[in-house]
Amino acid sequence: MPATKALPFEPPLAPMLAKLEREIPRGDGWRYEPKWDGFRAIVFREGGGVRIQSRDARPLERYFPELVPALREAFPAGSVVDGEVIIADEQGLDFDALQLRLHPAQSRIQKLAAEIPASFVAFDLLAEDGEDLRASPLAERRVRLAAILGDEASEHLPVGTTMVLLTPQTDDPDEAGTWFERLERIGLDGVVAKRADGRYEPGKRVMVKVKHRRTADCVVGGYRLSKSGDGVGSLLLGLYDEDGVFHLIGHTSAFKAKERRELLVRLEPLIREESFDGRTPGGPSRWSAGRDPSFVAVQPKLICEVSYDYLQGHRFRHATGFVRWRDDRDPKDCTFDQLEGRRGS
């Protein structure tokens with residue numbers, strides 16, 4: 001296909017987001033898809049080239065060079081596609097392998113690309129042949145995306161090869177419930193629900209996600225030393241409100257001795273006088289009672305995903321469980337509206 005169509009809009013583009021709910025929504029007009037556990041990415045297919053934009057507007061093509069020719073072949077010039085970069089092995093999706101790609105050495109990236117190649121799962125078409133489709137209903141965008149990639153969406157993971165896949169989609173909530181249960185074993189995160197008549201709204205949480213566990217991406221705003229003093233005892237976590245104010249929301253701990261020392265080395269270059277400019281640590285709380293309330297503030301730069309049970313007011317009710325680092329996120333995108341069942345700010 002001739003590479004002549006220009007893009008109808010230029011990157012960066014904020015991806016459309018989802019709010020967390022406890023149950024899969026039912027009723028007319030819903031479409032359901034599996035929730036992939038990878039790096040969210042928007043692909044801009046322009047002329048003879050390809051740009052892959054991360055959720056926080058960083059270029060990803062350097063870290064996933066094997067995707068560039070595959071995406072160039074899959075999509076016509078003048079197209080913009082929303083999707084997920086994934087890596088899979090025989091057990092399922094491997095998020096840690098994705099994190100390894102964010103490496104400064106190009107030789108290391110090339111080696112990993114050959115050994116454990118990434119794939120791209122497409123789930124929305126925002127432009128085609130230079131035509132802006134963001135105002136078109138999802139149902140129409142899906143038909144056009146399937147026409148490009150083929151109607152046959154697959155639940156099978158690409159292992160040891162690079163592929164461009166169409167995500168499965170259904171309007172049957174019972175089938176979505178089956179996906180929710182059955183696909184967890186291969187690492188899928190849950191289910192996403194979208195309105196069939198919905199337009200694409202960049203940066204807005206208009207979709208619904210139902211996950212196997214409650215998790216949140218939080219920014220590290222400080223730490224407390226371990227009892228021995230040679231490592232990190234706990235990380236203090238924060239989120240931004242709608243006005244961009246950074247508030248304490250809780251903490252996470254339970255690191256191994258070696259991890260505590262490694263965390264201290266990682267955090268010491270980020271030490272600053274203040275970090276939280278909203279609710280701050282050190283005040284009375286039931287989990288800090290009887291402990292030294294002092295903490296070390298750090299530049300709010302590092303992001304970690306944590307699991308949590310409930311919210312009590314504006315904080316996590318209990319200590320959270322550390323899940324993983326999220327080097328693919330921007331701190332300012334870690335806001336309160338990602339939390340399930342939250343009221344107010």
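Lys35 counts as buried in this predicted model, because its relative accessibility is 17% and the cut-off for buried is under 20%. This lysine has its place in strand E2, which runs over residues 30–35.

What is Lys35 in contact with, once its neighbours within four places in sequence are left aside? The partners are Leu188, Asp189, Gly190, Val191 and Val192, together with two lysines, Lys209 and Lys211.

I turn now to two helices, beginning with helix H3, residues 106–115. Its buried residues are Ile109, Leu112 and Ala113. Viewed down the axis of H3, these residues fall within an arc of 105°, and therefore they line one face of the helix. On the face of H3 turned away from that buried side, we find the exposed residues Ser107 and Ala114. As for what covers the buried residues of H3, helix H2, residues 95–100, is included.

The second helix is H6, which comprises residues 257–267. Here three leucines are buried: Leu263, Leu264 and Leu267. Why do they lie on the same side of H6? They do so because they cover an arc of only 100° around the axis. The face of H6 turned away from its buried side carries Lys258 and Val265, both exposed.

Which strands do the buried residues of H6 pack against? They pack against strand E13 (215–225), strand E14 (232–240) and strand E20 (321–325).

To return to the opening point, colleagues viewing the structure may wish to locate Lys35 in strand E2, and then the buried leucines of H6, among them Leu264.

Key
Residues are numbered from 1 along each chain as its sequence is written. This is a predicted model: local features need pLDDT of at least 70, side-chain atom pairs count only at pLDDT 80 or more; totals for chains, interfaces and linings use all residues. Side-chain values use heavy atoms; hydrogens and water are left out. Buried means under 20% relative accessible area, exposed over 50%, partly exposed in between (1.4 Å probe, protein chains only). Helices (H or I, at least four residues) and strands (E, at least two) are DSSP runs, numbered from the N terminus. The arc is that of the directions from the helix axis to the C-beta atoms. Contact means heavy atoms within 4.5 Å.
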